[in-house]
Amino acid sequence: MSLVRFKNRTRPFTDLITSDFFDMEDFFDNRFWNKGLVNENFWNGRKGEPALNIKEDKDHFEIELAAPGFSKKDFEVSIENGYLTIRAEKKDTDEIKEENYTRKEFSYNSFMRTLLLPENVLEDEIKAKYNEGILRFKLMKKEEAKKTKPKMVEIA
């Protein structure tokens, strides 16, 4: 008997649309149609996309996006029609000229993530900070969202 890593290939459609943050790329990802064509050797199992953590507090949401190797100037963050879009692009060129040879290397790295923001977020007060390879966002909740309490459901 051998141990094999479990891959949950079934992901109900309702999980995608009922969570607070609806990841557009996840909706159109091959895993949605259970094709299993994802290369798991990249950042979060999806080629070219950094891993993303979302935390919720009583007053705000926090988003952490792992993007090592980038600098603050490489990012472009926008909010439009309730969507938070994070883009990053980095180009590097290294050239060494010696008497007998020339060595030139270049690299290019980019990604884009788009998240549907919850309706209870104050879009004008979103703050972002990049430090040590992590891009962090703080999304404040509207006052009415802070006051609502979860409804308890009685189990029969």
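User: In which loop does G82 lie?
Analyst: In this predicted model, the position of G82 can be placed by the strands on either side of its loop. The second of the two strands named, β5, covers 83-97, and the loop that holds G82 is the one between β4 and β5.

User: Is G82 buried or exposed?
Analyst: A residue counts as buried when its relative accessible area is under 20%. Because the relative accessible area of G82 is 13%, G82 is buried.

User: Which residues is G82 in contact with, leaving aside its neighbours within four places in sequence?
Analyst: One partner can be located by its backbone, since the C-alpha atoms of G82 and L115 are separated by 8.5 Å although these residues are 33 residues apart along the chain. With neighbours within four places in sequence set aside, the contacts of G82 are L115, L116, L117 and E123.

User: How are the planes of F70 and F75 arranged in their aromatic pair?
Analyst: The structure holds four aromatic pairs, and F70 and F75 form one with 5.7 Å centre to centre. Planes under 30 degrees apart would count as stacked and those over 60 as edge-to-face. The angle between the planes of F70 and F75 is 45°, and the pair is tilted.

User: Why is the pair of F70 and F111 edge-to-face?
Analyst: The ring centres of F70 and F111 are 5.6 Å apart, and pairing asks for centres within 6.5 Å. Because the planes of F70 and F111 stand at 85°, and over 60 degrees counts as edge-to-face, the pair is classed as edge-to-face.

User: How many residues apart in sequence are the parts that the pair of F70 and F111 ties together?
Analyst: F70 belongs to the loop between β3 (60-66) and β4 (75-80), whereas F111 belongs to strand β6 (residues 102-116). Both rings come from buried residues, with relative accessible areas of 7% for F70 and 6% for F111. The pair therefore ties together parts whose separation in sequence is 41 residues.

User: Which residues form one aromatic cluster?
Analyst: F75, which pairs with F70, is buried with a relative accessible area of 15%. F70 also pairs with F111, and the cluster includes a tyrosine as well, its members being F70, F75, F111 and Y130.

User: The charged end of which residue sits over the ring of F61?
Analyst: For a charge to sit over a ring, NZ of Lys or CZ of Arg must be within 6 Å of the ring centre. Here the distance to the centre of the F61 ring is 4.9 Å, and the residue is K141.

Conventions
Residues numbered from 1 in each chain as written. Predicted model: local features only at pLDDT ≥ 70, side-chain atom pairs only at ≥ 80, totals over all residues. Heavy atoms only, no water. Phe/Tyr/Trp six-rings, centres within 6.5 Å; stacked < 30°, edge-to-face > 60°. Buried < 20%, exposed > 50% of the residue type's maximum accessible area, 1.4 Å probe, protein only. Helix = DSSP H or I, 4+ residues; strand = E, 2+ residues; numbered from the N terminus. Lys NZ or Arg CZ within 6 Å of the ring centre and 35° of its normal. Contact = heavy atoms within 4.5 Å.
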